[in-house]
Amino acid sequence: MTTKNIKILHIDSNNPLLIEQLKELGFQNEEDFTSTKEEIEAKIHNYHGIVIRSRFKIDKTFIDKATNLQFIARVGAGLESIDCDYATSKNIQLIAAPEGNRNAVGEQALGMLLSLFNNLNKANAEVKNGQWNREANRGHELDGKTVGIIGYGNMGKAFAKKLRGFEVEVLCYDIQENVADANAKQVTLKELQEKADVLSLHIPWTPETDKMVNAACLNAFQKPFWLINTARGKSVVTSDLVEALKSGKVLGAGLDVLEYEKLSFENLFDEESKNESFEYLRQAENVLLTPHIAGWTFESHEKLAQTIVDKIKAIYRKEEISEVEEKRVTGIGGFFFKTENPNEIKEWYKKHLGFNTDDYGCTFWWKDEKGNDCSTQWSTFKNDTNYFEPSEKQFMQNFRVHDLETLLKKLVQEGVTIIDEMQTYEYGKFAWILDPENNKIELWEPIDSVFQ
Ligand SMILES: NC(=O)c1ccc[n+]([C@@H]2O[C@H](COP(=O)([O-])OP(=O)(O)OC[C@H]3O[C@@H](n4cnc5c(N)ncnc54)[C@H](O)[C@@H]3O)[C@@H](O)[C@H]2O)c1
């Protein structure tokens, strides 16, 4: 498959390198940042790939219309806006780019934590307001604390990496076993809740993680603790968090994501965000709010795009490689051997083995997996033939190949001995090589129909 026939639809704007590099690789790119979902559904069958950020959900209806889609690439970390199971059942490959923004998330989580521990935002606002409150802004140190991470994947690991260098114990809880690395110890949720002074969420939004941090979860923590959420807003029950902030169970919270965000993360739900809990968060001095920007840096803008290009490229490179592999031998084309008396031998094979011989030997017909008629030739040669030279062996094998020219280029690169130039006849192309024991091999890109 060549990339030049692959049409990709981009429905969100991204770093320009994404389209520039895809174009250089030969892909056809079209941008449509304004059409509605329905309008895009009406034309999606024309495309082999779609690149999306978070504009709308890719559901069953959309996928059913995308009859030629080979991949969906999301320029972001998670794939929750895509019906992944259904897409996979339709052989559509899914691409995300958590490698592109995990460092950004790790740094923001750390930034929020340090800011909360040292009252940086509160103190900054006070000083700018003419207040000089040193005692009220006495801070806490991370040194000696225990940081609990729920969800130890790309983002969780990136945050734990940032914590190296602080004298903290890092614990992680994850539904998968053995996810820990040198930067965190995997524990049960119970142990994490017993020991943590800080909880940082790095789970995807799933039915299990929806409203996961509720009153019961918060109350199960043994010590008052700080909460950081850079994962998904809907994993935290905001009203329960507010109660915990009021009671002092939660000492402070850094929230980059909110329960009330729209799926596109571009704004808050107008009505939903007008409520008491959100008002409390807005006023609380020990709460930091940011508009879903943890993964949103100048560097990640570039890295996300580059990751997507690299992953799209990898899909098609893999296909190209497998096609080249396919272009090697596809079957046995013939078996030729030297004999004292070719005609007598032919007669023997005819009489005893039922070979349907002619002047050239015997042609066997068979069908390949696509139902094409294919032939294999068996022939006898006189002992003094020079057809097998430079090999001195009694026989020569002939193999059918899919694309002789491409294969010869590969064989040259691989250092295989090639004898003479490729020859073209009405029944196909031929070339000859030697194996390491000097057995001569005839390679044949056949045109079988000539023999029928
Ligand atoms: N704020 C931002 O800008 C931003 C940027 C990137 C990612 N994110 C969010 O961060 C979160 C993590 O992303 P990621 O790329 O690290 O995902 P990931 O898939 O690499 O890792 C998630 C981990 O959570 C674990 N997990 C899943 N369900 C769990 C459960 N019920 N209990 C415990 N562990 C569970 C998984 O096993 C996995 O190890 C996602 O919600 C993602 O959307 C936010």
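Two strands pair if DSSP finds at least two bridges between them. I begin with that criterion since much of this presentation concerns strands, and it applies directly to β4 and strand β5 (residues 93-95), which are joined by three bridges and run parallel. Please keep in mind throughout that the structure before you is a predicted model.

Let me first describe the protein as a whole. Its secondary structure comprises 14 helices and 20 strands. The C-alpha trace spans about 110 × 50 × 35 Å along its principal axes. The radius of gyration is 33 Å, whereas a compact globule of 452 residues would have one near 22 Å. Of those 452 residues, 33% count as buried. Among contacts with a separation of 6 or more, 61% are between residues 24 or more positions apart.

I now return to strand β4, which covers residues 71-74. We have already met one neighbour, β5, and within that pairing Ala73 has Ile95 as its bridge partner. Strand β3 (residues 49-52) also pairs with β4, in the parallel sense and over four bridges. Here Gly49 stands opposite Phe71.

The connections between these strands involve helices. Helix α3 (residues 60-65), together with β3 and β4, makes a right-handed β-α-β unit. A right-handed β-α-β unit is likewise made by β4, helix α4 (residues 84-89) and β5.

What lies on the two faces of β4? In a regular strand, side chains alternate between the two faces of the sheet. In β4, Phe71 and Ala73 are on one side, Ile72 and Arg74 are on the other, and all four are buried, leaving both faces covered.

Let us move to another sheet. Seven strands form an open sheet, with parallel pairing, in the order β8-β7-β6-β9-β10-β11-β12. Its edge strands are β8 (185-186) and β12 (287-289), each of which pairs on one side only. Within this sheet, strand β9 (residues 198-201) is joined to strand β10 (residues 225-229) by four bridges, and the two run parallel. To give one position, Ser200 stands opposite Ile228 in β10.

Which helix lies across β9, β10, β11 and β12? That helix is α5 (residues 98-117). Relative to β10, helix α5 runs at about 145 degrees.

A further helix to consider is α7 (residues 154-162). This helix is mostly covered, with seven of its nine residues buried. The buried residues are Asn154, Met155, Gly156, Lys157, Ala158, Phe159 and Ala160. They pack against α5, β6 (146-150), β7 (169-173) and β9.

I should like to close with one residue of α7, namely Met155. Why does Met155 count as buried? The cut-off is 20 or more other C-beta atoms within 10 Å, and Met155 is buried because it has 29 of them within that distance.

Which residues does Met155 touch, leaving aside those up to four places away in sequence? They are Ala77, Arg102, Val105, Gly106, His202 and Thr230. The first name in that list deserves a remark: Ala77 and Met155 are 78 residues apart in sequence, yet their C-alpha atoms are 8.9 Å apart in space.

Conventions: Residues are numbered from 1 along each chain as its sequence is written. This is a predicted model: local features need pLDDT of at least 70, side-chain atom pairs count only at pLDDT 80 or more; totals for chains, interfaces and linings use all residues. Two residues are in contact if their C-beta atoms, placed from the backbone, lie within 7 Å. Axes are lines fitted to C-alpha atoms, for helices over the stretch in contact, and angles run from 0 to 180 degrees between N-to-C directions. A residue is buried if 20 or more other C-beta atoms lie within 10 Å of its own, exposed if 12 or fewer, and partly exposed in between; C-beta atoms are placed from the backbone. A crossover is right-handed if, with the strands pointing away from the viewer, the path from the first strand over the helix to the second runs clockwise. The radius of gyration is taken over C-alpha atoms; the globule rule is 2.2 Å times the number of residues to the power 0.38.
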